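Me: Please pick one part of this model and take me through it closely. After that, keep going along the chain and tell me what else is worth a look.

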Amino acid sequence: EGGDFLEGDLGRLEQVRAAGLTVLTLVHYRVGDIGDVQTEKPVHDGLSRFGREVVAECNRLGIVVDCAHASFATTMAVLEASSQPVIISHGQLGDPAATHSRLMSAQHAAAVAEAGGLVGAWPCGITSRTLADFGTEILRLAEAAGPDHVALGTDLDGNYRPVLTSYDQLDDLVGLLRDRGLPPDRVRQILGGNA
């Protein structure tokens with residue numbers, strides 16, 4: 001999570017791909033030499049020149065580019081630079097009652113979906129207080145991005161006040177989504193099939 005380990009050296013991508021890396025979150029908690037993050041003032045106005053090179057090299061090597069934590073401008077630049085669909089492994093939509101720099105706009109999620117990508121619904125305590133709230137957030141995300149472009153993005157090991165704390169809760173989440181009228185095939189898509 002975060003391409004800081006590259007330290008300006010594209011050759012490191014080949015090394016980590018050979019070691020088994022299949023997904024790279026370009027940015028994480030701070031602005032680095034790849035691009036801007038959601039939670040800090042922009043430095044690159046999106047993706048840096050080196051960031052564009054990283055995206056191209058990830059495409060060449062078959063590494064999925066993850067725009068979690070990336071600013072909207074960074075994500076849009078990644079979509080322009082990438083020849084392959086990208087993901088947001090864990091993110092959630094903002095709304096008037098829940099504003100936080102880490103949250104996305106519906107436009108942000110839809111742009112990734114329109115380019116063939118996937119957005120992982122993040123069960124964070126910023127937008128949800130309960131598992132039922134998270135079910136509502138999944139439905140909002142499916143409305144913004146389309147149900148074919150939504151997955152579960154737990155971030156269980158580093159989540160902020162998570163409402164999904166164990167994979168044992170997935171059965172409960174399935175029930176919540178079905179109770180909200182989501183057909184079983186759509187539930188299966190979101191909870192694994194789309195990924």
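Reply: Let's start with a bit of vocabulary: a crossing of two helices is right-handed if the near helix is turned clockwise from the far one by less than a right angle, and left-handed if anticlockwise. Here, H1 passes H2 in a right-handed crossing. The residues that make this contact (heavy atoms within 4.5 Å) are Leu13, Glu14 and Arg17 on the H1 side, and Val54, Glu57, Cys58, Arg60 and Leu61 on the H2 side. H1 covers residues 11-18 and H2 covers residues 49-61, and they pack at an angle of about 35° with their axes 10 Å apart. (Axes are lines fitted to C-alpha atoms over the stretch in contact, and angles run from 0 to 180 degrees between N-to-C directions; helices, H or I, of at least four residues and strands, E, of at least two are DSSP runs.)

Keep in mind that this is a predicted model, where local features need pLDDT of at least 70, side-chain atom pairs need 80 or more, and totals for chains, interfaces and linings use all residues. Numbering starts from 1 along each chain, and side-chain values use heavy atoms, without hydrogens and water.

Now look at what comes before H2 in the chain. The loop between S1 and H2 holds Ile34. Ile34 counts as buried because its relative accessibility is 2% (buried is under 20%, exposed over 50%, partly exposed in between, with a 1.4 Å probe and protein chains only). Leaving aside neighbours within four places in sequence, Ile34 is in contact with Gly3, Leu6, Leu26, Val27, Leu47, Ser48, Phe50, Gly51 and Val54. You've met Val54 already: Val54 is also one of the H2 residues that touch H1. Ile34 and Ala115 are 81 residues apart in sequence, and their C-alpha atoms are 21 Å apart in space.

Asp45 is also in the loop between S1 (23-25) and H2. What makes Asp45 count as exposed? Asp45 is exposed because its relative accessible area is 70%. Check its backbone too: phi of Asp45 is near 55°, a positive value in a residue other than glycine.

Further on, His69 has a positive phi as well, near 75°, and again this is not a glycine. His69 is in the loop between S2 (64-66) and H3 (72-81). At 7% relative accessibility, His69 counts as buried.

Next comes H4, residues 106-114, whose buried residues are His108, Ala109, Ala110, Ala111, Val112 and Ala113. They pack against H3, S3 (87-91), S4 and H5. Just after H4, Gly116 takes a positive phi of about 90°.

Let's finish in the loop between S4 (118-121) and H5 (131-145), where you'll find Cys124. Thr127 is in the loop between S4 and H5, too. Cys124 is buried because its relative accessible area is 0%, and Thr127 is buried with 14%. Who do they touch, not counting residues up to four places away in sequence? For Cys124, the partners are Asn159, Tyr160 and Arg161. For Thr127, they are Gln92, Leu93, Ala98, Leu103 and Glu137. Finally, Cys124 and Met104 are 20 residues apart in sequence and 13 Å apart in space, C-alpha to C-alpha.
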